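This briefing goes through one protein model by topic. The points below can be read alongside the sequence and the coordinates.

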Amino acid sequence: MSPPSRAETFPAHTPAVSQIFTTVLSQGPLTRLELSRRTGLSPAAVTKAVRPLIEAGYLVEDVAEDAPPALGRPATLVRVDGGRALFIGIKVTGDEIIGVLTDLRCRILVVRHLPLPGRTPQQVLAATTGLVGELLTEADGMDVTVMGLGVAVSGDVDRAEGAVRYSPFLEWRDVPLAELAAMATGLPVTVDNDVRALTVAEQWFGAGVGLSDFAVVTVGAGIGCGLVVHGRVVAGAHGVAGEIGHVTVDPAGPLCHCGNRGCVEAIAGDAALVREVRAATGTEVADAAEVLELAHRGVAAAREAYARAGDAIGRGIATVANLLGPERVIISGEGLAAYDLFAEQIRAAFHAAAFGSAAECDLRTRPLPFDEWARGAAATAIQSFIGSEPVRARSTP
Ligand SMILES: [Zn+2]
């Protein structure tokens, strides 16, 4: 296995070059004129940004067959050469890690799942190193260099520092994961919150393409939220933004693992559903899958737990809509399997709590399997490679 070339870097880390590249990546192929229109950059600035990207082989030109000729010459379209570079994305869950090898267009070429023997940083790192090794071997066979690794982890993740500050789900505190994974794999590593990583994938390739302001809300073990404001994924000044799971919807509600009462997650997270049905029925309930089964069989306590969860999620989404006014909220996560049980309550609570035209926000459900989350992790590695980091208040000039 040949070591990845660390010397090769993206041609220019200017905001214009990153913006042009991501616009072509998510919306291309495009003519330079159309790129100018969509980015708001002058035609001259577009030409200047495109040139080094073509010279380095990251962008290529095609003659447009159906576009009108420009200035008497056939119009040329600019697109990303997907085969120019490869990336690896890893999504860490409680019981397995999911790895994808993608091309520069973030198209998934290979997917691998590996069960985790446990959740300690050492165990996750060892599994990650093994899986990355397998994917590097695949890349070797394609004769294309892997330029970066993205790892997506739930919880409070400081992307700039490459550290997982606090992951309640994994029970980690202050793990310098980027540094450890870089030493183990020899690749440049980007570590980000998993919902933010998924949000990048949705912004570039999913239901967020072309939207300036949208949110991704994930429902499952935890309730997460990724935010895009003015076209940028928001990380917040402290790396924590969009913690919809810990928005209080009932101050007298159940205790949350964060120490507060009545958080959305304390009512609508998987653990909350299990706890409520146990308490109401006095019977042992193993997990959220069993609550779902009970609800589908018509067990009242399970159906009521989902109704309350839907109400809490709807209120949480209304809070996001009232604060940021997104055009769309994409609802996803493994909890979508139960969507028929709480869709009505989510919408009703959202409409009741959304202020004025914030209620016009388009609520859309998208089943996104963990492969897509891993693809999001690869997208964060592409972001780092092209120098397009998320907004972070204290680093904004
Ligand atoms: Zn909480």
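**The three-stranded sheet and its helix**

Helix α1 (residues 15–27) lies across β1, β2 and β3, and its direction makes about 95° with that of β3. The model is a predicted one. The strands under this helix form an open sheet of 3 strands in the order β1-β3-β2, with antiparallel pairing. β1 (30–31) and β2 (59–63) are the edge strands, and each has a single partner strand, so one side of each is without a neighbour in the sheet.

- β2 pairs with strand β3 (residues 76–80) in the antiparallel sense, over 5 bridges.
- Within this pairing, Glu-61 has Val-78 in β3 as its bridge partner.
- The loop between α1 and β1 contains Pro-29.
- The peptide bond that leads from Gly-28 into Pro-29 is cis, with omega near 0°.

**The five-stranded sheet**

- An open sheet of 5 strands runs in the order β14-β13-β12-β15-β16, and its pairing is mixed.
- The edges are formed by β14 (232–233) and β16 (362–365); each of them has a single partner strand, so one side of each has no neighbour in the sheet.
- Helix α6 (residues 194–205) packs on this sheet, where it touches β12 (214–219), β13, β14 and β15 (328–332).
- The direction of α6 makes about 130° with that of β12.
- Helix α11 (residues 339–353) lies across β12, β15 and β16, and runs at about 170° to β16.
- At the β14 edge, strand β13 (residues 223–229) pairs with β14 in the antiparallel sense over 2 bridges.
- Val-228 stands opposite Val-233 of β14.
- His-230 is in the loop between β13 and β14.
- The relative accessibility of His-230 is 68%, over the 50% cut-off, so this residue counts as exposed.
- The phi angle of His-230 is near 50°, which is a positive value in a residue other than glycine.

**The zinc site**

- The zinc ion has four protein donors: His-246 through ND1, and Cys-256, Cys-258 and Cys-263 through SG.
- These donors lie 2.0 to 2.4 Å from the zinc ion.
- The site is tetrahedral, with angles of 104 to 123° among the 4 donor atoms.
- Along the chain, the donors of the zinc ion follow the spacing H-x9-C-x1-C-x4-C.
- Cys-256 has a relative accessible area of 6%, under the 20% cut-off, and therefore counts as buried.
- Cys-263, another of the donors, is also buried, with a relative accessible area of 0%.

**Helix α4**

- Thr-128 has its place in helix α4, which covers residues 121–142.
- Thr-128 counts as buried because its relative accessibility is 4%, under the 20% cut-off.
- Apart from neighbours within four places in sequence, Thr-128 is in contact with Ile-90 and Ile-97.
- Glu-134 is found in helix α4 as well.
- With a relative accessible area of 34%, Glu-134 is partly exposed.
- The C-alpha atoms of Glu-134 and Leu-324 are separated by 42 Å, and the two residues are 190 residues apart along the chain.

**A further backbone feature**

- Asp-174 is found in strand β10 (residues 172–175).
- Phi of Asp-174 is near 50°, a positive value in a residue other than glycine.

**The chain as a whole**

- The secondary structure of the protein chain comprises 12 helices and 16 strands.
- The C-alpha trace spans about 75 × 50 × 40 Å along its principal axes.
- The radius of gyration of the protein chain is 22 Å; this agrees with a compact globule, because one with 397 residues would have a value near 21 Å.
- Of the 397 residues in the protein chain, 51% are buried.
- Among contacts in the protein chain with a separation of 6 or more, 61% are between residues 24 or more positions apart.

Methods. Residues are numbered from 1 along each chain as its sequence is written. This is a predicted model: local features need pLDDT of at least 70, side-chain atom pairs count only at pLDDT 80 or more; totals for chains, interfaces and linings use all residues. Side-chain values use heavy atoms; hydrogens and water are left out. Donors are N, O and S atoms within 2.8 Å of the metal (3.2 Å for Na, K and Ca); water is not among the atoms, so sites may look incomplete. Four donors count as tetrahedral if all angles lie between 85 and 135 degrees; four count as square planar and six as octahedral if opposite donors are over 155 degrees apart and all others between 65 and 115; anything else is irregular. Buried means under 20% relative accessible area, exposed over 50%, partly exposed in between (1.4 Å probe, protein chains only). Two strands pair if DSSP finds at least two bridges between them. Helices (H or I, at least four residues) and strands (E, at least two) are DSSP runs, numbered from the N terminus. Contact means heavy atoms within 4.5 Å. Axes are lines fitted to C-alpha atoms, for helices over the stretch in contact, and angles run from 0 to 180 degrees between N-to-C directions. The radius of gyration is taken over C-alpha atoms; the globule rule is 2.2 Å times the number of residues to the power 0.38.
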